[in-house]
Amino acid sequence: MSTGELLSIEPLELKFPFELKKQISCSLQLSNKTDSYVAFKVKTTNPKKYCVRPNTGIVLPRSTCDVIVTMQAQKEAPPDMQCKDKFLLQSVKTNDGATPKDITPEAFNKEAGHVVEECKLRVVYVAPPQPPSPVPEGSEEGSSPRATVTENGNLGAEFSNATKGLSEQLETPERSVEARALIAKLAEEKLNALQTNNRLRQELELLRNQGGKSSGGVSIIVVIVIGLLGLLLGYLMKKS
């Protein structure tokens, strides 16, 4: 906030959440802390790029006035998102009861003996706010993921989907390193699960080919193996 003798101005930086091909606005609040009528005028180094409403006006004694600055839609971003545009807000005491129609350029002429207060404002581009990450379906609190492991391809697909979802949720500048580490850990667990699945399938085929056990015994082993696979997959999916 700038605290001059006539007006207090907030903020001193015009912050625009920059987006290509989109008009963006920000506001200034002018506070008259005197018992006099104060006239103001807003100038800019790039008048074709900005629209200021109102660009001149009267702030009544002990009152405030809002000024809206709109940046026209831009076709390309500046280098390094740096902006050299500046604004100058001039203020001067005026006659009681004055209206915006009574303001003339002469009122802000220092050479004519008028006491003109000036405040310089700079333009800053900031990143637009990011939308919240969507919550994947079926991830409500209290629900538990379930899957049936029948083939290696199904197991790989489940892990791929889980990895992709985590990547989308965690891929932000602040957490990118953490996200990559978690994804790498999931990939390793996926590989271990696939190897375990293959080994169990091979053992199951071996038991079937031995022929020394009854058909009922083989069925029990099949049930046990499938149950173990289900528990293993459920544990890994909960961790993801």
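The paragraphs below lead through one sheet of this predicted model and then through some of its salt bridges.

A good place to begin is the open sheet, which has five strands in the order β3-β10-β9-β5-β7 and in which the pairing is mixed. At the edges stand β3, covering residues 13-17, and β7, covering residues 56-59; each has a single partner strand, so one side of each is left without a neighbour in the sheet. If one ignores direction, neighbouring strands of this sheet are turned by 25° against each other on average.

What holds such strands side by side can be put in general terms: strands of a sheet pair through backbone hydrogen bonds, and they do so either parallel or antiparallel. Within this sheet, strand β9 (residues 86-94) and strand β10 (residues 117-126) give an example of the antiparallel sense, and their pairing runs over six bridges. To follow the pairing at the level of single residues, the reader can look for Gln90, whose bridge partner in β10 is Glu118.

From the backbone we can turn to the side chains, among which the structure holds five salt bridges. One of them joins Glu13 and Arg122, with the closest N and O atoms 2.6 Å apart. This pair links distant parts of the chain, since Glu13 belongs to strand β3 and Arg122 to strand β10, and the two residues are 109 residues apart. Glu13 is partly exposed, with a relative accessible area of 27%, and Arg122 is also partly exposed, with a relative accessible area of 40%.

Another salt bridge is formed by Arg62 and Asp35, whose closest N and O atoms are 3.0 Å apart. Here the partners sit in loops: Arg62 lies in the loop between β7 and β8 (64-71), while Asp35 lies in the loop between β4 (24-32) and β5 (37-44), so the pair ties together parts that are 27 residues apart in sequence. Both of these residues, Arg62 and Asp35, are exposed.

The side chains of Asp85 and Lys49 also meet in a salt bridge, with a distance of 3.0 Å from N to O. Asp85 is found in the loop between β8 and β9, and Lys49 in the loop between β5 and β6 (50-53), so this pair ties together parts that are 36 residues apart in sequence. Are these two residues, Asp85 and Lys49, buried or exposed? Asp85 is buried, and Lys49 is buried as well, where buried stands for a relative accessible area under 20%.

Definitions and conventions
Residues are numbered from 1 along each chain as its sequence is written. This is a predicted model: local features need pLDDT of at least 70, side-chain atom pairs count only at pLDDT 80 or more; totals for chains, interfaces and linings use all residues. Side-chain values use heavy atoms; hydrogens and water are left out. Two strands pair if DSSP finds at least two bridges between them. Helices (H or I, at least four residues) and strands (E, at least two) are DSSP runs, numbered from the N terminus. Axes are lines fitted to C-alpha atoms, for helices over the stretch in contact, and angles run from 0 to 180 degrees between N-to-C directions. A salt bridge is a side-chain nitrogen of Lys or Arg within 4 Å of a carboxyl oxygen of Asp or Glu. Buried means under 20% relative accessible area, exposed over 50%, partly exposed in between (1.4 Å probe, protein chains only).
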